[in-house]
Amino acid sequence: MQAFADDSNAQLRALIARRVAASPGGRLNFAEFMELALYHPELGYYATHPGRIGGRGDYITAAHLGSDFGELLAVQAAQLWQHLGKPERFDFVEMGAGQGLFAADFLRHAHANLPDFATALNYRIVERSVVQIAEQRRVLAGLAVHWCDLEQIAPDSVAGCFFANELVDALPVHQFVVHRGELLEIYVALEGERDFVEVAAAPSTPRLRAFLDRCGISTASLGGGYRSEVNLAALDWIEAVARRLARGYVITVDYGYTACQYYAPQRQGGTLACYHRHRVHDNPYLHIGNQDITAHVNFTALETHGTACGLQTLGFTRQSFFLLALGLGERLAALGASGAIANYAQLNEALRRREALRTLIEPSSMGDFGVLIQGKNTGLDLPLAGLSLPAQTLS
Ligand SMILES: C[S@@+](CC[C@H](N)C(=O)[O-])C[C@H]1O[C@@H](n2cnc3c(N)ncnc32)[C@H](O)[C@@H]1O
């Protein structure tokens, strides 16, 4: 679908074409293509501009809807700190921090309203993009934040919480297609010198078949032409996080499904989506370097692989229930309270905020995002505030 002119970064397109031509068999698997398109260190989508996310970018995330998301997460994190026995140091490691807005909201709320927790807080950001880090340093100037690579965090050293909002959907995915009951992988090849075409061939790694087997998916039952994604990087990510966690929690927020929903026979085109100037479409070969490419998260895979790596699943819910349980409903009600609105400026501001809060919990929007909370060496029976409303199971 091409609704408007392609604005690919010509240098990146040429670089990827050269990589395709030079690779064995003259093709890259889709995950390798997506890795270059999003994360090539000089030319990739996330490497070239700090304003990719937001009203003037290609898409928004929860932190662009106001400070409520970060503030309510601070409330949840303060309870996790209490559950760990109020240690003197509570590590909060945000992974993939975008423009740093979430961290600013979280930290300001903690310092203003949760002073004992704020004193214990050791806020770290793990961010892959150098350009995003520069933007985060600007936005977070004056706030106590440290930046590091995941590799710099020693095994079993984190006591606190890993947090990721819309990170896992941005990790490069493999794509597969079922042909006559057989599992084939999608590769990107060249037609001529610079036009990309897809070819289907034997998988580049046995991990694809093993992943689908673990999800209980038989490719024979999916039907010819069925196409979807496998996020092996998500498994590597949860494993790396679990290894570094000594005691505490992992909170993953993202759009996604359980494995059964993900590979439902009727979802035969998969979940890959591209975002370009707030329009969504399904062609990753347009706007290369100037559009986001994402795939929904398979939460069952995160849970089962997390369990294999020593994490326990403490609960799974939807963002709507999670934020309502943490007090978003009270915030909505306060907007209409008598005395809160005395003039048109205040009325307009209240309406703007009401719309933002609604988007955070709207079932057809961010309210349907999944929230997975996993733990390691924590009390399994300690109630978590964000999970106190009816939760959804992952089975
Ligand atoms: C979709 S954005 C979400 C940003 C932010 N969490 C938010 O909600 O606005 C994904 C972010 O993750 C970063 N990222 C992608 N892969 C990463 C990785 N392996 N480690 C750390 N950061 C990563 C990207 O550079 C980007 O800042």
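**Ligand contacts and helix packing**

In this predicted model, an oxygen atom of the ligand sits 2.6 Å from an N or O atom in the side chain of T61. T61 has company here: the ligand is surrounded by 17 residues, and the closest are Y59, T61, G96, E127 and N165. Two of these residues approach the ligand through their backbone. A backbone N or O atom of G96 is found 2.7 Å from a nitrogen atom of the ligand, and a polar backbone atom of N165 is 2.8 Å from a nitrogen atom of the ligand.

Attention now turns to the helices. A pair of packed helices can be described by the distance between their axes and the angle between those axes. Helix α8 (residues 207–214) and helix α10 (residues 232–244) offer a good starting point, with axes that come within 11 Å and cross at roughly 75°. Because of this angle, α8 is roughly perpendicular to α10. On the α8 side, the contact is made by R207, L208, F211 and R214, while α10 contributes L232, L235 and D236. Sorted by class, the contact of α8 with α10 holds four nonpolar and three charged residues, and no polar ones.

Helix α10 also meets helix α12 (residues 299–308), and here the axes come within 9 Å and cross at roughly 40°. With that angle, α10 is therefore oblique to α12. The crossing of α10 past α12 is right-handed. A234, L235, W237, I238 and E239 of α10 make this contact with A301, L302, H305 and G306 of α12. Six of the residues in the contact of α10 with α12 are nonpolar, two are polar and one is charged. L235 is worth finding in the structure, as this residue of α10 takes part in the contact with α8 and also in the contact with α12.

Further along the chain, helix α14 (residues 328–335) packs with helix α15 (residues 344–361). Their axes come within 10 Å and cross at roughly 160°, so α14 is roughly antiparallel to α15. This crossing of α14 and α15 is left-handed. From α14, the residues L328, R331, L332 and L335 meet A350, R353, R354, L357, L360 and I361 of α15. The contact of α14 with α15 comprises seven nonpolar and three charged residues, with no polar residue.

How values were computed
Residues are numbered from 1 along each chain as its sequence is written. This is a predicted model: local features need pLDDT of at least 70, side-chain atom pairs count only at pLDDT 80 or more; totals for chains, interfaces and linings use all residues. Side-chain values use heavy atoms; hydrogens and water are left out. Axes are lines fitted to C-alpha atoms, for helices over the stretch in contact, and angles run from 0 to 180 degrees between N-to-C directions. Helices (H or I, at least four residues) and strands (E, at least two) are DSSP runs, numbered from the N terminus. Angles under 35 degrees count as roughly parallel, over 145 as roughly antiparallel, 65 to 115 as roughly perpendicular and the rest as oblique. A crossing is left-handed if the near helix is turned anticlockwise from the far one by less than a right angle, and right-handed if clockwise. Contact means heavy atoms within 4.5 Å. Ala, Val, Leu, Ile, Met, Phe, Trp, Tyr, Cys and Pro count as nonpolar, Asp, Glu, Lys and Arg as charged, and the others, Gly among them, as polar. A residue is near a molecule or strand if one of its heavy atoms lies within 4 Å of it. A polar contact is a pair of N or O atoms within 3.5 Å; within protein, one must be able to donate a hydrogen and the other to accept it, and residues adjacent in sequence count only if both atoms are side-chain atoms.
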